[in-house]
Every structure is written in structure tokens, then in C-alpha cells.
Amino acid sequence: MIVITAPTGNIGRHLLPLLLDAAPTHGEELRVIARDPARLPDAVRERVEVVIGSHGDTEVVDRAFEGADAVFWLVPPDSSLAPTDAYCGFTRPAAKALAAHGVGHVVGVSALGRGTAVADRAGLVTASLAMDDLIAKTGVAYRALANPSFFDNLLEETDSIREKGVFTDSVDADRKAPLVAVADIAAVAARLLLDRSWTGIGDVPVLGPEDLSPNDLARIMTEQLGRPVRYERQPLEDLLTTLVGYGLDEAFVQGIADMKQAKDNGLDAGVTRTADTATPTTFEQWCAQTLKPAVLS
């Protein structure tokens, strides 16, 4: 029995079909935790067991983890809370349920940065790494998917790219860093969930195929979209003001700013890309398959 949290999220919606395809041959049953089961396709609801509610709720995870052999764990960051509460606070009920039900394996969505000089002042990433430690203390075999930023975050900039030919961030325009497609993260998670021969605690870096700078992204988007796209660096102070103006918790917003500053200071540069840590989807492919249809729609 594999339990999937956030099955309709950016990663979960890619993960669930992979597990559904493989489950029969692996002898696996699937259970999902969903606040709104109606967001699951009908064909999916017919093939999985659904536990309704939030996976931050004690009673929900207690029901969901009973009889489970493995869990895919993803915390949806709650911008109304401080980072520690958004990650560790949300995860504590699940940590207790993992131990109580003797769940053997957990694959969690986390971040790069452990062991770097800025890991302890990286905002949301620092909170995510603390969440990994909390899960690891339950006694499960745990693999933290250590991710960089996602290609898919650029979908939030679709309107700006379409209307102005501009995307923004707060990092240096020429700083190269790993980036990854969420579909590739899902593929790594599926492999670990289906082949549970691994033991102990560890990180699994998911680095994409190459390091890219914001200027590299602008060049590739220009080529793929057939229209000029440029990068504008946004001062962190402006980002803070904008996000607080949207009503986000000030501590959470500071956590975003601290994470971005840490990324600009090498947070994601602590792992060397190898055949085991690279993933296949290029930014060119992602632009053609995902960004271009969104921008041109």
C-alpha cells in the first residue's frame, strides 16, 4: 500500500498516473489523501482509495497511514504561517502517525542546500530541511528529494511573458544553477516508492540536465516562443513589499526572501551533477511542451 499526499498538485498529478500504470505489476494498492476528491479524474477515483481531508490533520493521517507500506510526503506551504509552522508544524501529526503505524518507507519533497554554508539561513529551505529531520527521527527509511527551483514556477509569469516579454526573479542574471521539471521529480519519486529495497536516511538530488542562468532562460524562451523575452532582476525589498501587500504572513515572506538570497549565494551549488542526479527533461523541451501552449493560449 502506497499513500500519496497532494495527489492533484504540481508533482502529484504527474506521480499518480505513473503509480497507477505500475501498481498492478508491482502488486501495490494506492491510497490518496485529498481535501477535494472531485479534483481527481473519475478514472483515478475508481482505482484508488480516497481519504478525505488535509494531511496536516491528526485524524486524517491516522486513517491514511494504517496498513501503509510507503508514503509520498509533500507539504503545501501555507503562506499564512511562519516557515517553521508551515513545514514542521504541518508535518508533526504525520510523523506521529508514521511511527504509530510502522510505515516502512517515506519519500519526501524537499530542497537542495543541506551541508552548504547558507543552509541555516535559507528561509523556506531551512524549514524544509528541518522537516526532513523530523521525519527521519520517526524510524522510517527516508529519502528526501533534494530539488532546486522548478521550470514550472515560470508558469506564474505566463501573463507577464505574454504581455510584456518579461519574467522576474531576485537572483543575479548570470548566476547558473540547476533547474528541474516537476514531471522528472515525479518519475524519481515513483521509482523509489515502487522499489523499496533502500534503507536508512538520505537525500536524492534531482538536478535537471544542466545549470542555467536567468539570461540563459530568457534566450531559450525567446527561441522557443518566437518572440523576445528578457529577465528583470527584482530587488528583494520590492518582493517583500509586494508579497506582504498580498496578505501573506510577514515571517513566511521573509522566508521566501531569505531562500532567494541564499540561492544567490550558492545554496543549490552543493551537489555535483552525475548520471544518477541528472534528470532528462531540458528547458527547451519544457518550453515547447508546457510554457509555449500556456503563453500562446
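Is Glu232 buried, exposed or partly exposed, and what is its relative accessible area? In this predicted model, Glu232 has a relative accessible area of 33%, and it therefore counts as partly exposed. Its side chain meets that of Arg230 in a salt bridge, with 2.5 Å from N to O, and Arg230 is likewise partly exposed, at 45% relative accessibility.

A second pair offers another setting for such a contact. The side chains of Asp268 and Lys263 form a salt bridge with an N to O distance of 2.7 Å, and here both Asp268 and Lys263 are buried.

A third pair joins Arg114 and Asp203, whose side chains meet in a salt bridge at 3.7 Å, N to O. Because Arg114 lies in the loop between β5 (105–111) and α5 (124–136), while Asp203 belongs to strand β10 (residues 201–205), this pair ties together parts that are 89 residues apart in sequence. Arg114 is partly exposed, with a relative accessibility of 39%, and Asp203 is partly exposed as well, at 37%. These two residues also take part in a network of salt bridges that links them with Asp132 and Asp133. For the structure as a whole, the count comes to 18 salt bridges.

Charged residues can also be followed on the surface, where Asp57, Glu59, Asp62 and Glu66 form a negative patch. Of these, Asp57 is found in the loop between β3 (49–52) and α3 (58–65), and its relative accessible area of 33% makes Asp57 partly exposed. That value fits its place in the patch, because patches are made of residues with over 30% relative accessible area and no salt bridge.

Definitions and conventions:
Residues numbered from 1 in each chain as written. Predicted model: local features only at pLDDT ≥ 70, side-chain atom pairs only at ≥ 80, totals over all residues. Heavy atoms only, no water. Patch = residues over 30% accessible without salt bridge, like charges linked within 9 Å, V, L, I, M, F, W, Y side chains within 5 Å. Areas by Shrake-Rupley, 256 points an atom, 1.4 Å probe, with all protein chains shown as cover. Salt bridge = Lys/Arg side-chain N within 4 Å of Asp/Glu carboxyl O. Lys, Arg positive; Asp, Glu negative; His and termini not counted. Charge placed at Lys NZ, Arg CZ, Asp CG, Glu CD. Helix = DSSP H or I, 4+ residues; strand = E, 2+ residues; numbered from the N terminus. Buried < 20%, exposed > 50% of the residue type's maximum accessible area, 1.4 Å probe, protein only.
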